[in-house]
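Biologist: Please take a close look at a single part of the structure shown below. I should like a connected account of its geometry, its ends, its side chains and what surrounds it.

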Amino acid sequence: MRAEASMKTKLSGKLSHYDKMAASAQQFFTEATACREEAARSLDQVDREGWLKLAREWTELALAAERGQIFRRD
């Protein structure tokens, strides 16, 4: 019985870690989308390039979070 409780605690901890990574990735993808939308609205070429650079960086963070390389700490 005690082993089952310990196993559930370990498993739920891993799921929690996974949930945090998935939430981080989703938030990072959302930020990337917002940056691309700003780029599309931007009238200035330099501003547009800046927004697109930020979008690429957010996307890289999202992909890293999906791979489990980073996660948001609450």
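Modeller: Helix 2 covers residues 45–66, and at 1.5 Å a residue its 22 residues should span 32 Å; the C-alpha atoms at its ends are 31 Å apart, which agrees. The expected span is 1.5 Å times one less than the number of residues. Helices here are DSSP runs of H or I with at least four residues, strands are runs of E with at least two, and both are numbered from the N terminus. This is a predicted model, in which local features need pLDDT of at least 70 and side-chain atom pairs count only at pLDDT 80 or more, while totals for chains, interfaces and linings use all residues. Residues are numbered from 1 along each chain as its sequence is written, and side-chain values use heavy atoms, with hydrogens and water left out.

The N-terminal end of helix 2 is capped by Asp44, which places a side-chain oxygen 3.1 Å from the backbone nitrogen of Val46. A polar contact is a pair of N or O atoms within 3.5 Å; within protein, one must be able to donate a hydrogen and the other to accept it, and residues adjacent in sequence count only if both atoms are side-chain atoms. Asp44 is also approached from the preceding loop: a polar side-chain atom of Ser42 lies 3.2 Å from the backbone oxygen of Asp44. Ser42 belongs to the loop between helix 1 (2–41) and helix 2. With a relative accessible area of 12%, Ser42 is buried, where buried means under 20%, exposed over 50% and partly exposed in between (1.4 Å probe, protein chains only). Apart from neighbours within four places in sequence, Ser42 is in contact with Asp47, Arg48 and Trp51, contact meaning heavy atoms within 4.5 Å. After the other end of helix 2 comes Gly68, whose phi is positive, near 85°.

Along helix 2, the buried residues are Ala55, Ala62, Ala64 and Ala65. One of these, Ala62, has its C-alpha atom 7.7 Å from that of Gln27, although the two residues are 35 apart along the chain. Gln27 lies in helix 1 and counts as partly exposed at 32% relative accessibility. Leu54, also in helix 2, gives another distance of this kind: the C-alpha atoms of Leu54 and Glu31 are separated by 8.8 Å, with their positions 23 residues apart in the numbering. Leu54 itself is partly exposed, with a relative accessible area of 36%.

Aromatic side chains come next. The structure holds 1 aromatic pair. Phe28 and Trp58 form this pair, which is tilted, at 5.6 Å centre to centre and 35° between the planes. Phe28 lies in helix 1 and Trp58 in helix 2, so the pair ties together parts that are 30 residues apart in sequence. For this purpose, rings of Phe, Tyr and Trp (its six-membered ring) pair if their centres lie within 6.5 Å; planes under 30 degrees apart count as stacked, over 60 as edge-to-face and the rest as tilted. Phe28 is buried, at 15% relative accessible area, whereas Trp58 is partly exposed, at 25%.

Charged side chains complete the local picture. Side chains of opposite charge can pair when their charged atoms come close. A salt bridge is a side-chain nitrogen of Lys or Arg within 4 Å of a carboxyl oxygen of Asp or Glu, and the count by this rule is 2. In helix 2, the side chains of Lys53 and Glu57 meet in a salt bridge at 3.0 Å, N to O. Lys53 and Glu57 are 4 residues apart, and so about one helical turn separates them. Lys53 is partly exposed at 46%, and Glu57 is likewise partly exposed, at 33%. In helix 1, Glu38 and Arg41 form a salt bridge at 2.8 Å, N to O; these residues are 3 apart, about one turn of the helix.

As for the setting, the protein chain has 2 helices and 0 strands, and buried residues make up 16% of its 74 residues. Of the contacts between residues at least 6 apart in sequence, 64% join residues at least 24 apart. The mean pLDDT (the predictor's confidence in each residue, from 0 to 100) is 82 for the chain, and 70% of residues reach 70 or more. Over residues 5–9, pLDDT stays under 50, and the model has 0 contacts beyond four places in sequence for them. Where pLDDT is low, the predicted coordinates should not be read in detail.
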